[in-house]
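Please work through the following exercises with the sequence and the model open beside you, trying each task before reading its solution.

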Amino acid sequence: MRIGFIGKKMHAQGPGVRYTIWTQGCSIHCPDCSNKDTWDPKKGQEYAIDELVYDILMTPGLDGVTITGGEPLDQFQETFILCKKLYGKISIFLTTGYTEEQLYEKGLYLIKSFVDIICTGPFEQDMICVGEWKGSSNQELRFLTSRGRDQENYPKVLKEIFISPTGMALETGFTA
C-alpha cells in the first residue's frame, strides 16, 4: 500500500486517539485541497498490509484507525484488505472524496461493510464546516456500526501539529 504519511497517535483525525494513514495518490484533485502533497501516486512509501495491521494493533492507547489521503479508494484493493483485516478489532474511519452515489457507480461500496465511520464527498472550500469530522458541509458523515455510533459524541479536536519521523511538520484537522 502506498502511503504518504502515518501519524500513530493523532487527536484531530476522528474520534479519540487515532492511528492515521494518509494514502498516497489521488485522482479526484479537489480544488483547494489541503493535502495536495498526497496527489502524486509515485511519491510516498510502500508498506506491506500485514505490517500495517501489526503496527496498528500493537500501538497502545488507540481508539481507532483513520484512513484518509490522497484518495484511499484509488488503492481500493489494498484499502479493502486493510479494513477487512482490522474490522472488529479496532474502530475504522474512512474518508473519501467520492460521493455515496459514486461508490456504487464505481463498485467501491463493498468497503462500507468493513468500516465503522465513513465520510464521503469532495472537499468544497466555500462550504467549510467547523467542529465536525469532515472538511466541508457537503460531505456526508455516517456512523455505520454500533462501534462507530459509540464514538459519535467523542470530543472534537480542531487542529493538531504532527511532526513526522523525518522532521516535517504537518498541521492537521478537519477545519480551516
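Helices (H or I, at least four residues) and strands (E, at least two) are DSSP runs, numbered from the N terminus. Residues are numbered from 1 along each chain as its sequence is written, and the side-chain values use heavy atoms, with hydrogens and water left out. The model is predicted, so that local features need pLDDT of at least 70 and side-chain atom pairs count only at pLDDT 80 or more, whereas totals for chains, interfaces and linings use all residues.

**Exercise 1.** Locate E71 and describe the surroundings of its side chain.

*Solution.* Begin with the chain: E71 sits in the loop that runs between β4 (64-68) and α2 (76-86). Next, consider burial, where buried means under 20% relative accessible area, exposed over 50%, and partly exposed in between (1.4 Å probe, protein chains only). E71 is buried yet has no salt bridge, a term that requires a side-chain nitrogen of Lys or Arg within 4 Å of a carboxyl oxygen of Asp or Glu. The nearest side chain of opposite charge belongs to K106, 9.8 Å away; here Lys and Arg count as positive and Asp and Glu as negative, while His and the chain ends are not counted. The side chain of E71 does, however, reach the backbone nitrogen of G97 at 2.7 Å. Finally, list the contacts (heavy atoms within 4.5 Å): setting aside residues up to four places away in sequence, E71 touches T23, G25, C26, I28, T96, G97 and Y98.

**Exercise 2.** Is T79 buried or exposed, and which residues does T79 contact?

*Solution.* First, place T79 in helix α2. Its relative accessibility is 0%, and T79 therefore counts as buried. The side chain of T79 reaches the backbone oxygen of P72 at 2.8 Å. P72 also appears among the contacts of T79, which, leaving aside neighbours within four places in sequence, are M1, I67, P72, L73, L94 and I111.

**Exercise 3.** Characterise the position of V157.

*Solution.* Start with the loop between α4 (146-150) and β8 (160-163), where V157 is found. V157 counts as partly exposed because its relative accessibility is 36%. Then compare sequence with space: V157 and R142 are 15 residues apart in sequence, and their C-alpha atoms are 19 Å apart. To finish, note that V157 touches H11 and A12, not counting residues up to four places away in sequence.

Technical notes
A polar contact is a pair of N or O atoms within 3.5 Å; within protein, one must be able to donate a hydrogen and the other to accept it, and residues adjacent in sequence count only if both atoms are side-chain atoms.
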